Amino acid sequence: FNSAATGASAAEDYRNEPNTFGWMVEIDPFDPASVPVKRTALGRFAHEGVVFAPVTAGKPLVCYSGDDSRFEYIYKFVSAKPWAEGMRGEILDQGTLYVAKFTEDGKGEWLALAPGENGLTPENGFADLADILVNTRLAADQAGATKMDRPEWGTVDVATGEVYFTLTNNNRRTLQQVDAANPRAENHFGQIVRWAYAGGDHAATTFDWELFVIAGSPANSAVLGKDALGDTNTFACPDGIWCD
């Protein structure tokens, strides 16, 4: 429980112990003899699951993950290799990790968390890709991503390609910290953000977004294209979400 640098080197104390938490680990259900594999390229943070976009042979595999903590981020991973039928989890070992930036005009950008890009340089404390993947939250801070209200689950509508992500709440956001994607201070009820890509290409680095639902009671909620939630569909603090 003491991660202070008490020894002459990291081999003599537990200073790196916190760095062993926050990774995605894959278990292969098709091979009972397999051992769990850490998918390092997906970054280290408080992953709230992994959401895969529909796969297309010959195109990269794309997946999303939220960092379930106040003022943290939504991430996307795009594999370096194209997906093919029968591929296993190794396709997740090489690719680019991105973090989302939501602008006020309803446009969005995926910022690459890669060496030399978006301020991720040795001068700023990121000597290589390992520094970025171990300290993903700090890399996202440096890149200038949008701090969100506890990103939880996401899901992709397979009919339209639109992506939905739940933002549970954030009662610590102040009026000065409000932005278009997180429009409420002391946000007790959360919201759901939705985005789409031109041509439905999940590997694209730009997107259009909107607030699908601002959760809460009929007095303080909003639904895209309507006035508010009603007595029959009121909810708060969205977490799990799924499109069948």
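The following exercises, each with a worked solution, concern the cavity, the cysteines and the aromatic rings of a predicted model.

**Exercise 1. The cavity**

Determine how many cavities of 30 Å³ or more the structure holds, and describe the lining of the largest cavity.

*Solution.* Step 1: a search of the whole structure returns one cavity of 30 Å³ or more. The space in the largest cavity comes to about 50 Å³.

Step 2: its lining is formed by Leu 42, His 47, Val 50, Cys 63, Tyr 64, Ser 65, Tyr 75, Lys 76, Phe 77 and Leu 97. Two or more of the lining residues come from each of strand E4 (60-66) and strand E6 (74-82).

Step 3: sorted by character, the lining has seven nonpolar residues, two polar and one charged.

**Exercise 2. The cysteines**

State how many disulfides the structure contains, and examine the position of Cys 243.

*Solution.* Step 1: a disulfide is a covalent bond between the sulfur atoms of two cysteines. The search of the whole structure finds zero disulfides.

Step 2: for Cys 243, the nearest cysteine sulfur belongs to Cys 63 and is 17 Å away. A disulfide requires the two sulfur atoms to lie within 2.5 Å, so the pair does not qualify.

Step 3: Cys 243 has a relative accessibility of 24% and therefore counts as partly exposed.

**Exercise 3. Two aromatic pairs**

Classify the pair of Phe 45 and Tyr 75 and the pair of Tyr 64 and Trp 195, and state what parts of the chain each pair ties together.

*Solution.* Step 1: the structure has 13 aromatic pairs in total. In the pair of Phe 45 and Tyr 75, the centres are 4.1 Å apart and the planes meet at 20°, which is a stacked arrangement.

Step 2: Phe 45 belongs to the loop between strand E2 (37-38) and strand E3 (51-52), while Tyr 75 belongs to strand E6, so this pair ties together parts 30 residues apart in sequence. Both Phe 45 and Tyr 75 are buried.

Step 3: Tyr 64 and Trp 195 form an edge-to-face pair, with 5.8 Å from centre to centre and 65° between the planes. Because Tyr 64 lies in strand E4 and Trp 195 in strand E12 (residues 191-196), the parts tied together are 131 residues apart in sequence.

Step 4: Tyr 64 is buried, at a relative accessible area of 1%, and Trp 195 is buried at 1% relative accessibility.

**Exercise 4. A charge over a ring**

Identify the ring over which the charged end of Lys 76 sits.

*Solution.* The charged end of Lys 76 sits over the ring of Tyr 98, at 5.8 Å from its centre. Lys 76 is also one of the residues that line the largest cavity.

Key
Residues numbered from 1 in each chain as written. Predicted model: local features only at pLDDT ≥ 70, side-chain atom pairs only at ≥ 80, totals over all residues. Heavy atoms only, no water. 1 Å grid on protein atoms, 1.4 Å probe; cavity = no way out; pocket = protein on both sides within 12 Å on 5 of 7 lines; lining within 4 Å. Points joined across faces, edges and corners; volume = space filled by probe spheres on them. Helix = DSSP H or I, 4+ residues; strand = E, 2+ residues; numbered from the N terminus. Nonpolar A, V, L, I, M, F, W, Y, C, P; charged D, E, K, R; others polar. Buried < 20%, exposed > 50% of the residue type's maximum accessible area, 1.4 Å probe, protein only. Phe/Tyr/Trp six-rings, centres within 6.5 Å; stacked < 30°, edge-to-face > 60°. Lys NZ or Arg CZ within 6 Å of the ring centre and 35° of its normal.
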